[in-house]
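Thanks for asking me to look at this one. Here are my notes, point by point, to read alongside the model.

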Amino acid sequence: MLSNIYLHYVLDLWFERRFKKSCLGFAELTRFADDYVALFENQAEAERFRQEMEERLGAFGLRVAPEKTAVLLFDGSLLQGRRKRAEKPATFTFLGFVHYLKQGRSGRMTVARRPSIKARERFIRKAKEWLRAHLHVPVREQRAHLIRMLNGLYQYFGLYHCLHPLNAVRLRVQRLWFWALRRRSQKAHRRCDWATLNTRAWFKLPLPRLTQAWV
């Protein structure tokens, strides 16, 4: 809470009251806790922002993480053929989402999002650790816990372009559960083949769903 208030003064107010007013084109800053993205119409102003922002933070004993800080060309005209450049629009990760530009059939450019690989792998790792620690819990209790985990993931990442990668996560969790069930005992190993388990209602896990259709 205190760090959030501190950055509101150090960064947010400075950007709105001083830096943004000196920009000739569009400029906007979005921040959540200590993660933030700044968008500029002109590349020169983006470069200037990075320099002055680092100086501003340094005056308060703060600094940015170099490996997480970059000036990127996030320009939809590169996909529309308006500018003759060899590079493609950059992508960036913010709050667990990879943000990228996508051109629809009508030609309209939109900002699409998908769960980052890091976020997905972190979830898979947590599911694997939980199954390992609760190997002999009754299967219906295991299912109830995995459903709660997946529903939490769907609630946060349930955007339109996220459904396919979320379904891939669901299948990987189900595969981890399958191998955990086979390790329970030799008797369980004999009757726990993939085809048989897929016919059991208790082995089903919920499909991803659209939870944030307005985003």
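**Notes on strands and rings**

1. Let me start with the hairpin. Strands β1 and β2 form a hairpin with two residues between them, and A33 in that turn has a positive phi of about 55°. Please keep in mind throughout that this is a predicted model.

2. The pairing behind this hairpin is antiparallel: six bridges join β1, residues 27-32, to β2, residues 35-40. Beside the turn, F32 stands opposite D35 in β2.

3. There is also an open sheet of three strands, in the order β3-β4-β5 and with antiparallel pairing. Both β3 (92-94) and β5 (109-115) are edge strands with a single partner each, so one side of each has no neighbour in the sheet. From one strand to the next, the twist averages 40°.

4. Looking at one pairing within that sheet, β3 meets β4 (residues 97-103) in the antiparallel sense over three bridges. Here F94 stands opposite F97 in β4.

5. Now to the aromatic side chains, where there is plenty to look at: the structure holds 20 aromatic pairs. In one of them, the ring centres of W14 and F19 are 5.6 Å apart and the planes meet at 40°, so this pair is tilted. Both partners are buried: W14 has a relative accessible area of 6%, and F19 has 2%.

6. Another pair worth a look is W177 with W202, which is edge-to-face, with 5.8 Å from centre to centre and 75° between the planes. W177 belongs to helix α6 (residues 163-182), while W202 is in the segment after α8 (194-197), so the pair ties together parts that are 25 residues apart in sequence.

7. Are these two tryptophans buried or exposed? W177 is buried, at 0% relative accessible area. W202 has a value of 18% and also counts as buried, because the cut-off for that class is under 20%.

8. Which residues do ring pairs link into a cluster with W177? The members are W177, F178, W179, W194, W202 and F203. One of them, W194, has a further contact: the charged end of R175 sits over its ring, 3.9 Å from the centre.

9. A second arginine deserves a mention too. R114 lies over the face of Y100, at 4.7 Å from the ring centre. If you are browsing the three-stranded sheet, note that the range of β4 is 97-103 and that of β5 is 109-115, which helps in locating these two residues.

Technical notes: Residues numbered from 1 in each chain as written. Predicted model: local features only at pLDDT ≥ 70, side-chain atom pairs only at ≥ 80, totals over all residues. Heavy atoms only, no water. Pairing = 2+ DSSP bridges. Helix = DSSP H or I, 4+ residues; strand = E, 2+ residues; numbered from the N terminus. Phe/Tyr/Trp six-rings, centres within 6.5 Å; stacked < 30°, edge-to-face > 60°. Buried < 20%, exposed > 50% of the residue type's maximum accessible area, 1.4 Å probe, protein only. Lys NZ or Arg CZ within 6 Å of the ring centre and 35° of its normal. Axes fitted to C-alpha atoms, helices over the stretch in contact; angles between N-to-C directions.
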